[in-house]
Amino acid sequence: MSKILILGAGKSQAVFIKHCLAEEHHVYLLDGSRAVISNVIEHPNLVFETIDITDSNQVLAYAKKVIPEAVIAPSNDAGIIAATIVAEFFKIPGPGNFATENSRDKFKFRRLLHANGLATPWFLKVNPLEDFDSIGKIPSFPCVIKPVQGSGSKGVRYLASASDFNLYLGESLA
């Protein structure tokens with residue numbers, strides 16, 4: 001039985017949590033909210049702690065108490081940095097810095113895919129707050145714009161025309 005530290009305890013993590021328990025692992029589950037799926041999963045090998053998984057220092061302090069043999073932040077990017085720090089500290093399976101940095105930054109990830117010959121749609125990094133001519137850099141419309149970081153489609157917008165870009169920029173600055 002391995003000790004597995006899982007960062008995130010929402011519905012999207014439930015299948016993985018249940019799998020680990022079915023395999024008789026000791027599961028240490030961290031989430032910043034008590035209103036999570038772990039409240040409906042009862043198992044003697046499940047330990048839940050309310051810890052903000054974006055707080056790498058708190059997560060590492062907890063990990064030092066339980067000394068996990070693996071760490072994962074399944075189906076979320078909120079805990080991925082903390083998971084990387086814990087994995088590297090204990091030299092255990094988990095995400096590495098390269099994977100973390102490239103998966104959390106959409107521009108870096110697209111550039112990496114493109115550099116390795118994988119098909120990608122055209123992409124361009126613009127910062128409308130620094131480059132007021134950003135709209136002129138977009139080669140064609142319609143297009144989709146998205147923030148460099150984040151998940152769950154937060155900030156993703158479909159732009160049918162240049163005027164939509166100006167509306168989006170106005171919303172972003174408000």
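This is a short talk on one helix, two aromatic pairs and a few backbone angles in a predicted model.

Let's start with helix α1, residues 14-22. Which of its residues are buried? Ala 14, Ile 17, Cys 20 and Leu 21. Look down the axis of α1. The buried residues fall within an arc of 130°, so they line one face of the helix. What covers them? The cover includes three strands: β1, residues 3-7, β2, residues 26-31, and β3, residues 46-50. Now turn to the face of α1 that points away from the buried side. Val 15 and Ala 22 sit there, and they are exposed. After α1 comes Glu 24. Its phi is positive, near 65°.

Next, the aromatic rings. How many aromatic pairs are there? The count comes to two. Take Phe 89 and Phe 90. Their ring centres are 4.9 Å apart. Their planes stand at 80°, and planes over 60 degrees apart count as edge-to-face, so this pair is edge-to-face. Is Phe 89 buried or exposed? Neither one fully: Phe 89 has 45% relative accessibility, so it counts as partly exposed.

On to the other pair, Phe 107 and Phe 123. Here the ring centres lie 5.8 Å apart. The planes meet at 70°, so this pair is edge-to-face too. Where do the two residues sit? Phe 107 is in helix α5, residues 106-115. Phe 123 is in the loop between α5 and α6, with α6 at residues 134-137. The two are 16 residues apart in sequence, so the pair ties together separate parts of the chain. Phe 123 has 26% relative accessibility, so it counts as partly exposed.

Last topic: positive phi in residues other than glycine. Start with Ile 67. Its phi is positive, near 50°. Where is Ile 67? In the loop between α2, residues 56-66, and β4, residues 70-72. Its relative accessibility is 48%. Exposed means over 50%, so Ile 67 counts as partly exposed.

Then Lys 91. Phi is positive here as well, near 55°. Lys 91 lies in a loop, between α3, residues 80-90, and α4, residues 97-104. Its relative accessibility is 74%, so Lys 91 counts as exposed.

To recap. The buried residues of α1 line one face. Phe 107 in α5 pairs with Phe 123 in the loop between α5 and α6. Ile 67 has a positive phi, and Lys 91 has one too.

Methods: Residues numbered from 1 in each chain as written. Predicted model: local features only at pLDDT ≥ 70, side-chain atom pairs only at ≥ 80, totals over all residues. Heavy atoms only, no water. Helix = DSSP H or I, 4+ residues; strand = E, 2+ residues; numbered from the N terminus. Buried < 20%, exposed > 50% of the residue type's maximum accessible area, 1.4 Å probe, protein only. Phe/Tyr/Trp six-rings, centres within 6.5 Å; stacked < 30°, edge-to-face > 60°. Arc of directions from axis to C-beta. Contact = heavy atoms within 4.5 Å.
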